Amino acid sequence: MKRLISVCLIIMLLAFSGCAQNNAIDSEPYSKEFFAMDTYMTVTAYGKNGKAAVKAAKKKVKKLDSLLNAESKDSEIYSLNESGEAILSDDTASVLKSALDYFEFTGGAFNPAIHPIMRLWGFTTDNFNVPTEESIKKTLKLTKADEISLKENKVKFNLDGLEVDLGGIAKGYTSSQLIKIFKDSGVKSGLINLGGNVQTLGLKPDGSEWNVAINHPYLSGEYLGFLKTHDKAVITSGGYERNFVANSRVYHHIIDPSTGYPAESGLASVTIVAEDGTLADALSTSLFVMGEEKATQFWRDNRNGFDVILYTDDNEVIISEGLKDSFSTELQTEVIS
Ligand code: AMP
Ligand code: MG
């Protein structure tokens with residue numbers, strides 16, 4: 001009997017240690033860092049399918065980069081901009097469809113036909129210059145996104161000289177696709193970081209929430225604040241990300257489509273928190289263009305589905321009420337409801 005009890009104990013201990021070992025494997029991270037879409041990316045998945053999921057995710061990023069980059073001669077967008085018509089791949093058609101929907105939804109603040117203006121300022125080549133008023137006026141006539149007709153995968157520009165630029169939405173679409181790959185692979189916990197634009201899957205393996213740091217627009221290495229979150233994309237737009245200085249002024253890469261100039265709306269950065277990465281990316285660019293007042297109103301009118309963190313040129317943080325218990329900052333903060 002004594003012998004039987006000790007055998008049972010050993011079996012129980014083995015079973016228990018087996019369980020503990022399995023849990024340890026389940027929380028093992030698999031991570032890859034690489035450069036794509038002009039930025040450093042880190043893709044991390046936890047659990048036993050993590051390795052395969054991260055590999056598939058990296059492959060997807062490279063594929064999307066090669067399709068969507070308007071500056072790369074081999075891309076689908078480059079040849080579409082050259083010829084004005086194409087039968088697109090499902091991914092490119094899907095990004096363009098979303099971009100056109102956000103053009104409508106934001107009343108044109110998000111404009112996927114902004115490419116000719118990006119080129120005029122030199123943002124496509126890094127040969128920056130401040131264009132003349134006259135050339136801006138002339139080029140603005142080419143940024144008519146409503147002259148793009150898209151039916152399923154077939155696209156046609158109804159205006160000579162029209163060109164698309166999906167830089168304001170591509171990373172968000174990418175992170176949402178990577179989350180889909182993770183889910184399809186059975187991964188329950190993961191983190192995608194595309195150059196500071198983050199999308200989280202599930203909770204951390206220890207059951208706690210992710211702590212996402214939001215970059216400070218001007219103080220390198222410092223943070224605006226930290227957000228506790230799960231299953232959300234946290235995507236930021238700001239003029240600090242890409243700009244040049246001329247005549248003692250800073251000119252950045254987010255263009256107000258109504259003027260053709262870098263948006264000067266009193267905001268230094270806009271962060272959108274949402275389940276859908278594509279939405280978060282499109283709206284971070286759009287609300288940056290809108291500025292504090294219009295962005296606040298836009299959130300009030302469409303508050304279901306996303307939260308905002310606005311950082312003003314006056315050093316004030318404005319957050320929507322959904323974030324009041326999860327966002328921490330040392331800066332003065334207003335909560336909007
Ligand atoms: P983001 O960092 O997501 O705000 O995207 C900025 C990029 O979006 C720029 O580098 C351009 O490629 C593109 N872009 C600039 N202005 C706009 C705009 N008003 N609407 C849509 N895309 C824009
Ligand atoms: Mg964006």
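**Note on the predicted model**

1. Asn247 sits in the loop that joins β11 (243-246) to β12 (249-252). The model is a predicted one, and in it the phi angle of Asn247 is near 50 degrees, a positive value in a residue other than glycine. Most residues other than glycine have a negative phi. Asn247 counts as exposed, because its relative accessibility of 63% is over the 50% cut-off.

2. A second asparagine invites the same check of its backbone. Asn315 lies in the loop between β14 (306-312) and β15 (317-320), and its phi is near 70 degrees, again a positive value in a residue other than glycine. At 41% relative accessibility, Asn315 counts as partly exposed, since that value falls between the limits of 20% and 50%.

3. Which residues coordinate the magnesium ion (ligand 2)? The donors come from Gly168 (O), Asp281 (O and OD) and Thr285 (OG1), at 2.0 to 2.4 Å, and along the chain they follow the spacing G-x112-D-x3-T. The pair Gly168 and Asp281 links distant parts of the chain, 113 residues apart, with Gly168 in the loop between β5 (154-157) and α7 (170-184) and Asp281 in helix α8 (residues 277-301). Both Gly168 and Asp281 are buried.

4. Gly168 and Asp281 also take part in polar contacts with ligand 1. A backbone N or O atom of Gly168 lies 3.1 Å from an oxygen atom of ligand 1, while an N or O atom in the side chain of Asp281 is 2.9 Å from an oxygen atom of that ligand. Ala109 contributes through its backbone, where a polar atom is 3.0 Å from a nitrogen atom of ligand 1. The protein covers 92% of the 500 Å² of accessible area that ligand 1 has on its own.

5. The shell around ligand 1 deserves a separate look. It holds 17 residues, of which Asn111, Asp165, Ser237, Ile255 and Thr285 come nearest; Thr285 is also a donor to the magnesium ion (ligand 2). By class, the shell is made up of 8 nonpolar, 6 polar and 3 charged residues, and its largest share, 3 residues, comes from α8.

6. Is Ser98 buried or exposed? Ser98, placed in helix α4 (residues 90-105), is buried, because its relative accessible area of 18% is under the 20% cut-off. Leaving aside residues up to four places away in sequence, Ser98 touches Ile169 and Thr278.

7. Glu293 is found in helix α8, the helix that also holds Asp281. With a relative accessible area of 71%, Glu293 counts as exposed, because that value is over 50%. The C-alpha atom of Glu293 is separated by 9.1 Å from that of Ser265, although the two residues are 28 residues apart along the chain.

8. For the chain as a whole, the model shows 8 helices and 17 strands, and the C-alpha atoms fill a box of roughly 95 × 50 × 35 Å, taken along the principal axes. Of the 337 residues, 48% count as buried, and the chain exposes about 17200 Å², with carbon and sulfur atoms supplying 49% of that area. Among contacts with a separation of 6 or more, residues 24 or more positions apart account for 57%.

Note on methods
Residues are numbered from 1 along each chain as its sequence is written. Chains are lettered from A and ligands numbered from 1 in the order in which they are written. This is a predicted model: local features need pLDDT of at least 70, side-chain atom pairs count only at pLDDT 80 or more; totals for chains, interfaces and linings use all residues. Side-chain values use heavy atoms; hydrogens and water are left out. Donors are N, O and S atoms within 2.8 Å of the metal (3.2 Å for Na, K and Ca); water is not among the atoms, so sites may look incomplete. Helices (H or I, at least four residues) and strands (E, at least two) are DSSP runs, numbered from the N terminus. Buried means under 20% relative accessible area, exposed over 50%, partly exposed in between (1.4 Å probe, protein chains only). A residue is near a molecule or strand if one of its heavy atoms lies within 4 Å of it. A polar contact is a pair of N or O atoms within 3.5 Å; within protein, one must be able to donate a hydrogen and the other to accept it, and residues adjacent in sequence count only if both atoms are side-chain atoms. Accessible areas come from the Shrake-Rupley method with a 1.4 Å probe; for residues, only the protein chains shown count as cover. Ala, Val, Leu, Ile, Met, Phe, Trp, Tyr, Cys and Pro count as nonpolar, Asp, Glu, Lys and Arg as charged, and the others, Gly among them, as polar. Contact means heavy atoms within 4.5 Å.
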